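Hi everyone, thanks for making time for this one. I'd like to take you through a helix pair first, and then step back to the whole chain.

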Amino acid sequence: MSKVDRRILKSQEAIKKAFLELMSDKNFDDITIQDISDRANVSRGTIYLHYADKFDLLNKLIGEHINEMRKICHSASELDYHEGNLPWFAYLESHYLFFSTMLASKGAPSFRSQFTEFLIEEFKEEVDTTAGKNHGLHEDVLLQFIVTSYVGIVEWWITNGMPHPPHVMAEQVGVLLERNL
């Protein structure tokens, strides 16, 4: 695997950070490549070197975070819900700018949709409607209940400035998942 030049990484990080800051200030439709270029202190050509347009930038940014969350799920798959949620909430906290912007922005409904689809994939194997407390329920109804609740609690936590630390959220959400799955 070839090593990426630090200058390239620095430029890409500056572009992403500038884009997120702009999204928290302006409507997505009103953001231009020139706005991103000015805020990131890079040329428009540098942006186009890495991204086709602002839609591509948004999709790649969302994809990076979804992939990181997928890795967290994979590494936490053998843990109970409380322990498995802790890396999640720590990740959400450490990437507060991204998540707060995506969840608050009217211009990023694609994030909510991709986040929901990702969670459906992850929770699908946890759902058992053949026995126990969920016997007889429709899998799709139970999945929608769990996933929309999870998205909702993440959205509430982020948009309210993370009123509880990650370990408290992991514990509380872990208890709720145990009760419902």
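**A helix pair, then the whole chain**

Let's start with helix 6, residues 96-104, and helix 8, residues 139-159: their axes come within 9 Å and cross at roughly 110°. Angles from 65 to 115 degrees count as roughly perpendicular, so helix 6 is roughly perpendicular to helix 8. As for handedness, helix 6 passes helix 8 in a left-handed crossing. Please keep in mind that this is a predicted model.

Which residues make the contact between these two helices? On helix 6 they are Y96, F99, S100 and L103, and helix 8 brings V154, E155 and I158. By character, the residues of this contact split into five nonpolar, one polar and one charged.

If you're wondering why I gave you an angle and a distance, two packed helices are described by the angle between their axes and the distance between the axes.

Now let's zoom out. How many helices and strands does the protein chain have? There are nine helices and zero strands, and reading along the sequence gives the pattern α-α-α-α-α-α-α-α-α.

For the overall dimensions, the C-alpha atoms fill a box of roughly 60 × 40 × 30 Å along the principal axes. The protein chain has 181 residues, and 40% of them count as buried. On the outside, the chain exposes about 10400 Å², with carbon and sulfur atoms supplying 53% of that area.

Last, the contacts along the sequence: taking those between residues at least 6 apart, 65% join residues at least 24 apart.

That's my tour, and I'm happy to take questions!

Key: Residues are numbered from 1 along each chain as its sequence is written. This is a predicted model: local features need pLDDT of at least 70, side-chain atom pairs count only at pLDDT 80 or more; totals for chains, interfaces and linings use all residues. Side-chain values use heavy atoms; hydrogens and water are left out. Axes are lines fitted to C-alpha atoms, for helices over the stretch in contact, and angles run from 0 to 180 degrees between N-to-C directions. Helices (H or I, at least four residues) and strands (E, at least two) are DSSP runs, numbered from the N terminus. Angles under 35 degrees count as roughly parallel, over 145 as roughly antiparallel, 65 to 115 as roughly perpendicular and the rest as oblique. A crossing is left-handed if the near helix is turned anticlockwise from the far one by less than a right angle, and right-handed if clockwise. Contact means heavy atoms within 4.5 Å. Ala, Val, Leu, Ile, Met, Phe, Trp, Tyr, Cys and Pro count as nonpolar, Asp, Glu, Lys and Arg as charged, and the others, Gly among them, as polar. Buried means under 20% relative accessible area, exposed over 50%, partly exposed in between (1.4 Å probe, protein chains only). Accessible areas come from the Shrake-Rupley method with a 1.4 Å probe; for residues, only the protein chains shown count as cover.
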